[in-house]
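Visitor: Please take one part of this structure and look at it closely for me, beginning with how the copies meet and then moving into the fold of a single chain.

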Protein chains: 2
Amino acid sequence: MKVAEIDTPALLVDLDAMEGNLKKMAGYFAGRKCKARPHFKNHKTPALARKQLDLGAIGMTCATLREAEILVEHGVQSVLIANEIADEAKLHRLAELSRHASVMVAVDDECVFADMARVQRDRKVQFEVVVDINIGLDRCGVPPGEPAVELAKSAVRQGFKMRGIMGYDGHLQSEPPSEARDAMVRKGCNALADSAALIEGSGIPVEMVSTGGTGTHSISGNCPGITDVQVGSYLLMDTRYMNLGAPFCRALTVLGTVVSKRDAGHAVLDCGVKAISGERGLPELKEVRDATLTALHAEHALIDIHPDSSSSIEVGKKLEVWVQYSDATVNLHSRMYGVRNGEVEEIFRIEH
Amino acid sequence: MKVAEIDTPALLVDLDAMEGNLKKMAGYFAGRKCKARPHFKNHKTPALARKQLDLGAIGMTCATLREAEILVEHGVQSVLIANEIADEAKLHRLAELSRHASVMVAVDDECVFADMARVQRDRKVQFEVVVDINIGLDRCGVPPGEPAVELAKSAVRQGFKMRGIMGYDGHLQSEPPSEARDAMVRKGCNALADSAALIEGSGIPVEMVSTGGTGTHSISGNCPGITDVQVGSYLLMDTRYMNLGAPFCRALTVLGTVVSKRDAGHAVLDCGVKAISGERGLPELKEVRDATLTALHAEHALIDIHPDSSSSIEVGKKLEVWVQYSDATVNLHSRMYGVRNGEVEEIFRIEH
C-alpha cells in the first residue's frame, strides 16, 4: 500500500527515522552498566517494545496497570509500573500479573500497605515495590533521604520485595540543555544515589535506581548509582524535543486529507484534536514550506496558505503533520502505519 | 455496581441530569416546524442517539464517514455528514452506506464532483448532497448567495440528489449570549434562508436548511427557513457551555482515584490528558470546594488542597472531575457509565 492510499486521519511512523533513533539510543547504553528501560506509555505498541528489548533494554517502564498487563500478555518479563496504585481491584490484577512476570510498582505512601499486604497474602504472591522519590517534579513521591528509608523499611516489614527506588525528573525533560539544567539533573540523580546508599545502609538491598527520560538520558546515564533510565520519546520523537536539540529524528506524523479549500489562502485537513494532540502546542506541516497550520478543531486542522506561494495544496491531497506530543497522539489511534520510501511496510497495533 | 467500584479513570454520565437535558431540548423543539438533528460527534454512543431520536429528533448529524457508518449500522435512517469527503476510497464507502439509509454529505467544491459522479455511476447509487455555506466560521463552505446557487446547479447536473444546504456557526457557539451575538446568529440564518430561496428560485428544491448548535439553538430554531439544528453538547454539557449560561445541567464527569498525596496540600488523581481533554482549558473538581485541579499530565491530574481546609481527599478516594470539552473527552473512552444515586444503572458503549 502507498501512503496516498491510507485512510485518513492516520498515524504514520517513518521506519528509517525510527530505526535510526532506536539504534542511536541502544548505542548510547551499549557497554554501560546503566541500561535503558524504555517507557511503554509513549507508543503503547508491543511490537516496538520488542524492538527496544532486542536492542539491549533491560525491561520496560509503563504508567498504568493496564499497560503492564499488555506488556506481560506480550511476553515482556520485567516491567516497572512507574506510578502508584491505590485501589483494591487493581491490586488483585497486579497480583495476578505477578504470577507471570516480574512486575514492580511504585509506592510513596504506607497508607496503601495494609491493603497490599492483605491482597498479597490472599493471592499468595509477593509484590515487588520501588520507592518513588520526589526529585523536583512535585507530583508523586516521598522526599529523598530518611523518608525514603522509612518507607523502604515499612515495605520490607509488610513482606514486599523491595526492588529499588525511582524518581522522575519530568520537569527537566522539556528544559533546553544548559549547565544549570544539567546540574539539576545531576542533583536529582545524586539525591537518588544517596537515598539508595542510606537504604542499603539499613540492610535493605537496592537493585534498581531508575530515573530520567529522553531529554536528560545522557546526563542521568552518566551519574554514579543510576541503574536504568526511563527513555520514551526518543523512538518517535516529539517536535518539542527536536526544538530542544535532542539528537534524534522526528519519526511520527499524522496523515490528513485536504477536504476543503475555500479560497487560495485557506485549506482544511481532516485531522483535528481527535487525531492529533494539541495539548502541548499546535503541530506543524511536514515538507510544506508555503503554508502554516493555524488551528485544530475536533475533526479539522486549519491551514493558511502563504500569499503569492505556488502552493500544491489542493482538495484531495494528503499531507503529513509533525506531532508535538507523541504520548497523547498515539493514545488517539489503534494502529500506526510503518512507512519506508512512500510505501507501508508494516502496520503496528497500538494496544489500549 | 457502585460508583466507588468502577475502575479508574472512567467516564461517567449522571442519568438524571442527562435525561433532564434530553427532555428540555425535546421540549424546545416540540411543536415546531424546525427540528433537532443532534450531533453524534459529541457522544459517539448509539444508545444515546436512539434516545434523541425517540424524543423527536428527525435524524442525526455527524462529522465523519466512520460516524455515519456506525449510525447506519445501528439502524439510524437519516444521517447528515456535516463535513466534506475528498477521497475516492471513502466515496466508495459512502456509496455502500447509501444503499442502507439516507446519508447526506456536505459539499463545498465542485473539484470533487467528477470522482463522486464516477463512483455514483459505478456503484449504481445516487449521492445525496448538501451545499455547505460559510456563515462566518471561516472553515469550510462556499460564500452564501450566487456561489451556493452555482454549486447546487453543478451538483444537480452531475446527477446528485440536492437535499439542501447547511452552514455551521461554530464561532458563535462559545460566545456568551448578547444582543450582538444573537444578531450575528440571525444574520447567518438569514444568509442561509436567502441562499435557499435563490436555489429554489433556480428550480432546485431545498428540503433542508441546517445550522446551529447547543449555544445558539434557541435563536436558530426561531429563524424563518431553518429546518433543523445540529445540537450536540446539550446532552452531556461541557463546563464551558455552563459558564455561558446555557439552560442545561452538566452530566459528564471523569472519575479518578487519588493515587498520591505527598503532603497535606497536594494530591494526585490517576486521570490525565489520556482520560480527559485539556484542549479547551483545565477541568474542575466536582463537589470538592477546598481543592483545585491545577494541571493535567499524561496520566495524572494535580490537585492543590487549600490551606486550613478539613479536606477529605485521601489516597484511595475516588473523585469526579467536570469535563470542559465533552467531544474530545468522550473520544478517549470506549464506555460511559450511566449513574443514578451512586449506582451504575447502565454501561453505554462508545463506538469508534
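Guide: In this predicted model, 100% of the interface residues of chain B are also interface residues in chain A, so the copies meet through the same surface. A turn of 180°, with a shift of 0.0 Å along the axis, lays chain B on chain A with an RMSD of 0.0 Å; the two copies are thus related as by a two-fold rotation axis. The residue of chain B that comes closest to this axis is B:Glu279, whose C-alpha lies at 2.8 Å from it.

Turning to chain A by itself, the domain assignment divides it into domain 1, made of 3-10 + 246-349, and domain 2, which covers 15-236. The C-alpha centres of domain 1 of chain A and domain 2 of chain A are 33 Å apart, and the contact between them draws on 18 residues from domain 1 of chain A and 19 residues from domain 2 of chain A. On the side of domain 1 of chain A that touches domain 2 of chain A, the elements giving two or more residues are α11 (326-330), β16 (335-340) and β17 (343-349) of chain A, and the largest share, four residues, comes from β16(A). Sorted by class, that side of domain 1 of chain A has 10 nonpolar, three polar and five charged residues.

As for the chain as a whole, chain A contains 11 helices and 17 strands, and its radius of gyration is 22 Å, close to the 20 Å that the globule rule gives for 352 residues, so chain A is as compact as a globular protein of that length. Its C-alpha atoms fill a box of roughly 70 × 45 × 35 Å along the principal axes. Buried residues account for 55% of the 352 residues in chain A, and, among the contacts in chain A with a separation of 6 or more, 67% are between residues 24 or more positions apart.

One helix of chain A can serve for a closer view of the buried residues. Helix α3 (residues 65-73) of chain A has A:Leu65, A:Glu67, A:Ala68, A:Ile70, A:Leu71 and A:Val72 as its buried residues, so that a charged residue, A:Glu67, is listed there. The cover over the buried residues of α3(A) includes the helices α2 (46-54) and α4 (88-98) together with the strands β3 (60-62), β4 (78-81) and β5 (102-107) of chain A. After α3(A) comes A:Gly75, which has a positive phi, near 90°.

Technical notes
Residues are numbered from 1 along each chain as its sequence is written. Chains are lettered from A and ligands numbered from 1 in the order in which they are written. This is a predicted model: local features need pLDDT of at least 70, side-chain atom pairs count only at pLDDT 80 or more; totals for chains, interfaces and linings use all residues. Domain bounds come from an automatic or database domain assignment. Two residues are in contact if their C-beta atoms, placed from the backbone, lie within 7 Å. The radius of gyration is taken over C-alpha atoms; the globule rule is 2.2 Å times the number of residues to the power 0.38. A residue is buried if 20 or more other C-beta atoms lie within 10 Å of its own, exposed if 12 or fewer, and partly exposed in between; C-beta atoms are placed from the backbone. Copies are superposed by least squares on the C-alpha atoms of residues with pLDDT of at least 70 in both.
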